[in-house]
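Please look over the fold shown here and work through the questions that follow it.

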Amino acid sequence: MASGDLSGLARRFFEAYGNGDLATVRSATADELVAYVTNADGGVDVVEGRERYIERLPDLRSAAGQLAITQIVEIDAQQVLTMVEIRASRKGRDLHNFAAFLARVRDGQVTQLWMVEAQPAHSDEFWA
């Protein structure tokens, strides 16, 4: 992809997720997506396939959630790193967390996605 295209894809992907636009999230990810998602222990769960990944996403709208992109860095022609900040409230609890996502892109779609979360146990407890 040309310079700037990776940043645009990352912005579309995360803004769509933050707005609950799962159709755009789907269009930005490949069927064969492999995602490495932070779990409560700070380890990684491997999620294979676009639909399995989307099923795993928490619904920010159900928690008055807000997602803000704080930084996007294009690493090379196929990789883009995105830092996000998430705030949400539900069931009398608040979540304020940060996560970084490294995406590998091919043919305009995310094929691999690595997630690193600042407070994985807190996030897991919040969404449980």
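**Hairpins, sheet and core**

Q: How many residues stand between β4 and β5 in their hairpin, and which residue in the turn has a positive phi?
A: β4 and β5 form a hairpin, and the turn holds a residue whose phi is positive, at about 50°. Helices (H or I, at least four residues) and strands (E, at least two) are DSSP runs, numbered from the N terminus, and two strands pair if DSSP finds at least two bridges between them. The hairpin has 2 residues between its strands, and the one with the positive phi is Lys91.

Q: On what kind of model do these answers rest, and how are residues numbered?
A: This is a predicted model, in which local features need pLDDT of at least 70 and side-chain atom pairs count only at pLDDT 80 or more, while totals for chains, interfaces and linings use all residues. Side-chain values use heavy atoms, with hydrogens and water left out, and residues are numbered along each chain as its sequence is written, starting from 1.

Q: Is Lys91 buried or exposed?
A: Lys91 lies in the loop between β4 (79–90) and β5 (93–106), and has its positive phi although it is not a glycine. Buried means under 20% relative accessible area, exposed over 50%, and partly exposed in between (1.4 Å probe, protein chains only). Because its relative accessibility is 63%, Lys91 counts as exposed.

Q: Which residue in the turn between β5 and β6 has a positive phi?
A: β5 and β6 (109–117) are joined by a loop, and these two strands form a hairpin with 2 residues between them. The residue in question is exposed, with a relative accessible area of 75%, and its phi is near 55° in a residue other than glycine. It is Asp107.

Q: In which sense do β1 and β6 pair, parallel or antiparallel?
A: Strands of a sheet pair through backbone hydrogen bonds, in either a parallel or an antiparallel way. β4 and β5 pair in the antiparallel sense over 12 bridges, and β5 and β6 do so over 8 bridges. For β1 (residues 29–38) and β6, where Thr29 stands opposite Val110, there are 4 bridges and the sense is parallel.

Q: Which strands stand at the edges of the sheet?
A: The open sheet of 6 strands has mixed pairing and the order β2-β1-β6-β5-β4-β3. Two strands each have a single partner strand, so one side of each is left without a neighbour in the sheet. These edge strands are β2 (44–48) and β3.

Q: What angle does the direction of α1 make with that of β3?
A: α1 packs on the sheet and touches β1, β3, β4, β5 and β6, where contact means heavy atoms within 4.5 Å. Axes are lines fitted to C-alpha atoms, for helices over the stretch in contact, and angles run from 0 to 180 degrees between N-to-C directions. On that basis the angle is about 165°.

Q: Which residues have the most contacts inside the largest nonpolar core?
A: A nonpolar core is a set of buried Ala, Val, Leu, Ile, Met, Phe, Trp, Tyr and Cys residues joined through side-chain atoms within 4.5 Å. The largest has 32 residues, and α1 gives the most to this core, with 7 residues. Those with the most contacts inside the core are Tyr53, Phe101 and Leu113.
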